[in-house]
Amino acid sequence: MATDPLPASPLSTSHFQSAVFDEYLDSARDHARRYLHRLPDRHVGARAGRDELMSALRIALPQQGDEGGDVIGLLAQQAERGAVACNSPRYFGFVVGGSYPVALAADWLVSTWDQNAGIYAISPLVSVVEEVAGQWLLELFDLPRESGVGFVTGCQMANFTCLAAARHHVLRRAGWDVEADGLQGAPRLHVVASAESHVTIDVALRYLGLGTRSVHRVETDAQGRMNVDRLRKVVASIEGPMIVCAQAGNVNTGAFDPLREVAGVVRERGAWLHVDGAFGLWARASGSLRPLADGIELADSWATDAHKWLNVPYDCGVAIVRHAQDQRDAMTSAAAYLIQTRGEERDAVDWVPEFSRRARGVPVYATLRALGRGGVQDLVEGSCARAREMADALRQVEGVRILNDVVLNQVLVRFGDDDELTRAVIAGVQRDGTCWLGGTTWQGQGAMRISVSNWATSEDDAQRSVAAILRVFHSLRTGATAPIA
Ligand SMILES: *Cc1c(COP(=O)(O)O)cnc(C)c1O
């Protein structure tokens with residue numbers, strides 16, 4: 001591609017030395033490539049703990065700094081043992097995606113450009129890229145195209161942003177301007193949430209001054225889905241402004257609330273429906289999984305993550321609000337020195353809680369453009385297929401039980417119907433290092449938790465991981481010591 005030659009600077013007094021950038025970036029690139037080349041085969045968990053890392057990294061803050069290249073080398077060296085390979089294709093802990101090569105490369109450019117992506121005036125490029133990426137997400141999820149979109153640090157802040165818009169909207173309808181007058185003296189605002197809602201919903205409610213004690217919790221079924229009859233009763237028993245929080249994708253089971261029915265109840269009541277779809281919203285990208293999220297388009301706001309299932313590097317979440325003006329009213333900043341646009345150009349400060357911010361929508365643009373709809377569909381369906389394969393292989397073994405219906409990418413496994421044995425298997429697998437997964441308590445029972453969210457997890461990775469899990473399980477059952485890799 002032809003590019004215009006850069007005009008030479010008329011001054012030669014700058015400290016800017018391209019050669020130093022070359023040296024450090026070449027070194028970082030070499031370290032990064034080595035890290036990535038080893039990634040598929042390395043011990044998945046961390047092998048260094050706090051003591052080892054402290055002794056390698058803690059020195060008195062130097063008066064005279066160290067050579068930059070040495071510092072980069074030291075960090076890279078310590079990552080070998082001190083970092084968890086959570087972008088490994090055999091990392092199944094929490095809900096953590098890897099990074100697509102194109103997403104990582106785009107993220108390097110974001111750091112290189114060092115754009116403050118808060119306002120258009122600082123970066124027309126990022127403003128436009130994020131505007132387009134936001135529209136693509138609305139198309140992919142098939143949500144109202146006029147919705148507001150904000151790229152935030154994660155689903156925690158996406159839940160916060162959406163619930164701030166909700167708070168603004170329902171109180172305005174009750175004749176109260178919460179942005180100007182705050183919550184003191186405001187009409188009582190009721191929040192209804194699934195008993196299984198993610199902890200970040202509670203945290204968002206705390207940040208918003210709504211607190212958690214008075215949340216009306218709606219019981220769920222054995223999969224963690226909201227019971228609609230209970231919801232109907234709860235909603236009918238409360239008067240005044242109301243926000244209902246549902247979820248698409250339970251963090252343990254992957255289950256979806258019955259969203260069409262939930263939306264029917266909430267709409268009839270004139271309340272606001274928020275859906276936490278940190279990873280579940282991505283089911284909308286797949287024809288076969290889409291029915292799980294049926295009715296989700298009837299909600300008023302949706303929170304999701306790109307750093308989980310879209311596999312962009314940390315950190316990136318997305319807040320989507322049907323009533324864009326409410327999002328804007330709740331989030332906008334204005335100051336005399338801020339050069340904000342009056343035209344069509346988009347200033348991110350109007351849509352997110354942050355003021356200065358990273359151009360985190362850029363890797364989203366790059367990944368969506370490089371994958372296309374088909375690629376996202378393959379990603380989501382592939383993860384779910386791997387989860388089913390692992391569940392099917394495990395459930396055939398005597399003494400192993402799968403606790404959930406594997407409808408998405410999450411699997412709960414219990415060993416010997418015993419909390420202690422289950423915990424011992426999890427610890428043994430973490431030590432073994434073939435894969436990494438964590439534990440949880442599901443409806444009073446200890447369980448191993450498998451989440452398949454990485455684009456690179458192959459059938460072979462799933463099989464190797466199952467073999468490692470069973471190796472540990474059998475060795476514990478026969479009383480032998482777990483193999484230590
Ligand atoms: C991960 C998760 C969150 C929080 O997202 P972050 O990106 O960690 O802030 C919220 N809700 C659900 C269902 C999640 O899985």
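Contact here means heavy atoms within 4.5 Å. The model shown in these views is predicted.

**View 1. V352 sits in the loop between α11 and α12 (361–395).**
V352 touches G150, F151, V152, M331 and R357, leaving aside residues up to four places away in sequence. One of these partners is M331. Along the chain, V352 and M331 are 21 residues apart. Their C-alpha atoms, however, are separated by 5.7 Å. Is V352 buried or exposed? V352 has a relative accessible area of 1%, so it is buried. The cut-off for buried is under 20%.

**View 2. Helix α6 (residues 155–173) crosses helix α11 (residues 324–331).**
Two packed helices are described by the angle between their axes and the distance between the axes. For α6 and α11, the axes come within 8 Å. They cross at roughly 100 degrees. Therefore α6 is roughly perpendicular to α11, since angles of 65 to 115 degrees count as roughly perpendicular. Which residues make the contact? From α6 come F160, T161, A164, A165, H168, H169 and R172. From α11 come D326, Q327, D329, A330 and M331. By class, the residues of this contact are five nonpolar, four polar and three charged. M331 of α11 belongs to this contact, and M331 also touches V352 of the first view.

**View 3. Helix α8 (residues 199–207) holds a run of buried residues.**
Buried here are T200, I201, D202, V203, A204 and L205. What do they pack against? Their partners are α6, β2 (190–194), β3 (216–218), β4 (242–247) and β5 (272–276). Helix α6 thus appears again: α6 also comes into contact with α11. After α8 comes G209. The phi of G209 is positive, near 75 degrees.

**View 4. The largest pocket holds about 780 Å³ of space.**
How many residues line the largest pocket? The lining has 28 residues. Nearest the centre lie A32, Y35, N87, L104 and W108. Three helices, α1 (18–38), α3 (68–82) and α4 (101–113), each supply at least two residues of the lining. By class, the lining divides into 17 nonpolar, seven polar and four charged residues.

**View 5. The second largest pocket has a volume of about 300 Å³.**
This pocket is lined by 19 residues. F94, V95, H198, V251 and K308 lie nearest its centre. Two elements, α6 and β10 (438–442), give two or more residues to the lining. Which element gives the largest share? Helix α6 does, with three residues. The lining of the second largest pocket has seven nonpolar, eight polar and four charged residues.

**View 6. The largest cavity holds about 40 Å³ of space.**
The structure has three cavities of 30 Å³ or more. Which residues line the largest cavity? They are H198, Q247, G249, V251, D276, A278, F279 and K308. By class, this lining has three nonpolar, three polar and two charged residues. Look back at the fifth view for some familiar names. H198, V251 and K308 line the largest cavity, and H198, V251 and K308 also lie among the residues nearest the centre of the second largest pocket. Q247 of the cavity lining falls at the end of β4 (242–247), a strand that the buried residues of α8 pack against.

How values were computed. Residues are numbered from 1 along each chain as its sequence is written. This is a predicted model: local features need pLDDT of at least 70, side-chain atom pairs count only at pLDDT 80 or more; totals for chains, interfaces and linings use all residues. Side-chain values use heavy atoms; hydrogens and water are left out. Axes are lines fitted to C-alpha atoms, for helices over the stretch in contact, and angles run from 0 to 180 degrees between N-to-C directions. Helices (H or I, at least four residues) and strands (E, at least two) are DSSP runs, numbered from the N terminus. Angles under 35 degrees count as roughly parallel, over 145 as roughly antiparallel, 65 to 115 as roughly perpendicular and the rest as oblique. Ala, Val, Leu, Ile, Met, Phe, Trp, Tyr, Cys and Pro count as nonpolar, Asp, Glu, Lys and Arg as charged, and the others, Gly among them, as polar. On a 1 Å grid over the protein atoms alone, a cavity is a set of points where a 1.4 Å probe fits but cannot get out, and a pocket is an open set with protein on both sides within 12 Å along at least five of seven lines; lining residues have an atom within 4 Å of a point. Grid points are joined across faces, edges and corners, and a volume is the space filled by probe spheres set on the points. Buried means under 20% relative accessible area, exposed over 50%, partly exposed in between (1.4 Å probe, protein chains only).
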